[in-house]
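User: I'm new to this one and would like a quick tour. Could you take me through it one question at a time?

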Amino acid sequence: MLSDAKAIAETVKRVSPSTLVILDGVCSVASEEIRMDAWGIDCVVGASQKGISVPPGLSITALSPRALDVVKNRTQPIAAYFASYARWLPVMQSYEAGTPAYFATPSVNLIYALEASLNSIVAGPVSLEDRFKLHREASARFRTQARELGFETVAVSDDASANGMTALYTPEDVPPPALIGALAKRDIVIAGGLHKDIKTKYIRCASSIRPRPSLSRSSGPRD
Ligand SMILES: *Cc1c(COP(=O)(O)O)cnc(C)c1O
């Protein structure tokens with residue numbers, strides 16, 4: 001599903017200016033337009049494994065200065081240990097100042113992978129705007145073809161469909177586990193449903209984009 005994050009953030013700011021707006025961007029970071037500053041979003045919670053195309057294992061979070069102030073001025077201590085901003089922020093600030101600091105060993109391999117991916121996203125052959133456009137086009141094509149094959153989108157309309165991932169109800173005679181298994185035999189990996197009310201009825205497919213072949217370093221087409 002694609003939420004109208006801009007309108008939600010604007011509404012929250014109007015009705016309750018002190019409320020922080022937190023966006024779950026696990027799927028959407030790097031596949032959908034998210035204007036954190038311009039839309040007044042205070043926190044974007046992301047992860048490595050979807051739009052950013054890195055193996056799973058990193059939680060990637062961006063905070064606005066306002067949200068950071070809230071973190072710093074908490075009266076109750078943060079309950080989390082490893083995931084506490086209070087423990088990681090001094091480490092991050094030290095590194096930014098050019099001096100190392102330690103709290104716990106980070107997932108170094110994943111952070112190298114993240115750097116490679118972010119470099120290709122921000123400095124690769126496709127601009128961020130074009131990247132979002134390619135995602136919109138790829139998912140629109142994918143939805144059209146899936147509908148022709150008898151699938152129905154879980155999103156009620158194209159406007160409400162995410163562009164980095166498409167959730168599809170399978171036809172009655174095609175149970176998701178059978179389809180997922182058959183595709184896996186062809187080295188195509190898709191995921192089952194998660195929403196508790198409908199999870200046995202639908203599949204989730206990531207629609208990734210194809211870099212311009214002339215500038216791509218991979219030998220074959222990627223899709
Ligand atoms: C996939 C997804 C999640 C789940 O992420 P995990 O890293 O598996 O916890 C949460 N939110 C959104 C929007 C997602 O697409």
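User: Let's start at the ligand. How far is a nitrogen atom of the ligand from an N or O atom in the side chain of Asp24?
Analyst: Keep in mind that this is a predicted model. Here a ligand nitrogen faces the side chain of Asp24, and the pair counted is that nitrogen with an N or O atom of the side chain. The distance comes to 2.7 Å.

User: And how much of the ligand does the protein bury?
Analyst: Start with the ligand taken alone, which exposes 390 Å². Of that area, the share buried by the protein is 50%.

User: Which side chain has an N or O atom 2.8 Å from an oxygen atom of the ligand?
Analyst: Two side chains come up when you look at ligand oxygen. For Lys50, an N or O atom of the side chain is 2.7 Å from an oxygen atom of the ligand. The 2.8 Å distance belongs to the side chain of Gln49.

User: How do the residues of the shell around the ligand divide by type?
Analyst: The residues around the ligand are Asp24, Val26, Cys27, Gln49 and Lys50. Sorted by type, that shell gives two nonpolar, one polar and two charged.

User: Moving on to the fold, in what order do the four strands of the open sheet run?
Analyst: Let's build it up pair by pair. Strand E4 (residues 152-153) is joined to strand E5 (residues 165-169) by two bridges, and five bridges join E5 to strand E7 (residues 202-206). E7 also pairs with E6 over two bridges, in the antiparallel sense. Put together, the order is E4-E5-E7-E6.

User: Which strands are the edge strands there?
Analyst: An edge strand in this sheet pairs on one side only. That description fits E4 and E6 (191-192).

User: What is the bridge partner of Gly192 in E7?
Analyst: Other bridges give you some landmarks: Thr153 has Leu168 in E5 as its partner, while Met165 is matched with Ala206 in E7. For Gly192, the partner in E7 is Ile203.

User: How many helices and strands does the protein have?
Analyst: Reading from the N terminus, the elements go α-β-α-β-β-α-α-α-α-β-β-α-β-β. In total, that's seven helices and seven strands.

User: Where is the pLDDT below 50?
Analyst: Across the protein the mean pLDDT is 91, and 93% of the residues reach 70 or more. One stretch falls below 50, and beyond near neighbours in sequence it has eight contacts in the model. Where pLDDT is low, the predicted coordinates shouldn't be read in detail. The stretch to watch is residues 213-223.

Methods. Residues numbered from 1 in each chain as written. Predicted model: local features only at pLDDT ≥ 70, side-chain atom pairs only at ≥ 80, totals over all residues. Heavy atoms only, no water. Near = heavy atom within 4 Å. Polar contact = N/O pair within 3.5 Å; in protein donor to acceptor, adjacent residues only side chain to side chain. Areas by Shrake-Rupley, 256 points an atom, 1.4 Å probe, with all protein chains shown as cover. Nonpolar A, V, L, I, M, F, W, Y, C, P; charged D, E, K, R; others polar. pLDDT = per-residue confidence, 0-100. Contact = heavy atoms within 4.5 Å. Pairing = 2+ DSSP bridges.
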